Amino acid sequence: MTHLKVKFFLYSPHFTSKIVQSYNMGKITIKVKNLKGLKLISEDKRQTLIEIVHLHQIDWMHACGKKGRCTTCKAIILEGEENFEPLTRAEQKMIDRNKLRKNERLSCQAIPKGNVLVNVPKMYQLPHMQYGEESET
Ligand code: FES
């Protein structure tokens, strides 16, 4: 009987959601080098890069509405590539079509789990934003 109780406890949605919640907590820092080193803090490791950017009221190009179909939201990863969740299917498709390089991620797909340093590619910079000179193509 005790065995059943333990099993129920381990598989109960309340218990597993607490584990998932605590795993996804903790501060992470997103730095955008060519946006004057803009520093964004997130405490939710389930958010995509662009969701974090938009929560801080920063404009970032996203022509397909964050659906992983256009690449206009791409970010060049300068540091912390290992701190992202693995590539999504949409990102892998873009790599296969040579629309995404190895050091780039779609900000609408990529979920940072730790600190990262990124750049906005020159090609997708917005005219009303001020970018630094260290921007790359
Ligand atoms: S907004 Fe189009 S791929 Fe991310």
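Asn 83 lies in the loop between β3 and α4, the helix of residues 89-96. The model in which this residue is described is a predicted one. With 18 C-beta neighbours inside 10 Å, Asn 83 counts as partly exposed, because a residue needs 20 or more to be called buried. Leaving aside neighbours within four places in sequence, Asn 83 is in contact with Pro 112, Lys 113, Gly 114, Asn 115 and Val 116. Its C-alpha atom is also 8.6 Å from that of Ile 111, a residue 28 positions away in sequence. One of the contacts of Asn 83, Val 116, stands opposite Ile 30 where β5 pairs with another strand.

**Overall layout**

The chain has four helices and five strands. Along the sequence they follow the pattern α-α-β-β-α-β-α-β-β. Of the 137 residues, 23% count as buried. Among contacts with a separation of 6 or more, 60% join residues that are 24 or more positions apart.

**The sheet**

The five strands form an open sheet in the order β2-β1-β5-β3-β4, with mixed pairing. β2 and β4 (104-106) stand at the edges with a single partner strand each, so one side of each has no neighbour in the sheet. From one strand to the next, the twist averages 35°. In general, strands of a sheet pair through backbone hydrogen bonds, in either the parallel or the antiparallel sense.

The pairings are set out below.

| Strands | Sense | Bridges |
|---|---|---|
| β1 and β2 | antiparallel | five bridges |
| β1 and β5 | parallel | three bridges |
| β3 and β5 | antiparallel | three bridges |
| β3 and β4 | antiparallel | three bridges |

Individual residues can be used to trace these pairings in the structure. Between β1 and β2 (residues 38-42), Ile 28 has Ser 42 as its bridge partner. The hairpin of β1 and β2 has five residues between the strands, and in it Lys 36 takes a positive phi near 55°. On the parallel side of β1, Ile 30 stands opposite Val 116 in β5. For the antiparallel pairing of β3 and β5, Ile 76 stands opposite Asn 119 in β5. β3 also pairs with β4, where Lys 74 stands opposite Leu 106.

**The nonpolar core**

The largest nonpolar core has 20 residues, of which Ile 30, Leu 49, Ile 50, Leu 106 and Val 118 touch the most other members. At least two residues of this core come from each of β1 (28-32), α3 (49-55), β3 (74-79) and β5 (116-119). The element that gives the most is α3, with four residues. In soluble globular proteins, nonpolar side chains tend to be buried together.

Ile 50 has contacts at several places along the chain. Apart from residues within four places in sequence, Ile 50 is in contact with Trp 60, His 62, Lys 66, Cys 73, Ser 107 and Cys 108. Another core residue, Leu 106, is the residue of β4 that faces Lys 74. Likewise, Ile 30 belongs to the core and stands opposite Val 116 in the sheet.

**The loop between α3 and β3**

Three residues of this loop can be described separately: Gln 57, Thr 71 and Thr 72. Gln 57 has a positive phi of about 65° although it is not a glycine. Thr 71, also not a glycine, has a positive phi of about 75°.

Which of these residues are buried, and which are exposed? Gln 57 counts as exposed because it has 6 C-beta neighbours inside 10 Å, and the limit for that class is 12 or fewer. Thr 71 is buried, with 21 other C-beta atoms within 10 Å. Thr 72 counts as partly exposed, with 16 C-beta neighbours inside 10 Å.

Not counting residues up to four places away in sequence, Thr 72 touches Met 61, His 62, Ala 63 and Tyr 124. One of these, His 62, is also in contact with Ile 50. The C-alpha atoms of Thr 72 and Met 123 are separated by 8.4 Å, although the two residues are 51 residues apart along the chain.

Terms used: Residues are numbered from 1 along each chain as its sequence is written. This is a predicted model: local features need pLDDT of at least 70, side-chain atom pairs count only at pLDDT 80 or more; totals for chains, interfaces and linings use all residues. A nonpolar core is a set of buried Ala, Val, Leu, Ile, Met, Phe, Trp, Tyr and Cys residues joined through C-beta atoms within 7 Å. Two residues are in contact if their C-beta atoms, placed from the backbone, lie within 7 Å. Two strands pair if DSSP finds at least two bridges between them. Axes are lines fitted to C-alpha atoms, for helices over the stretch in contact, and angles run from 0 to 180 degrees between N-to-C directions.
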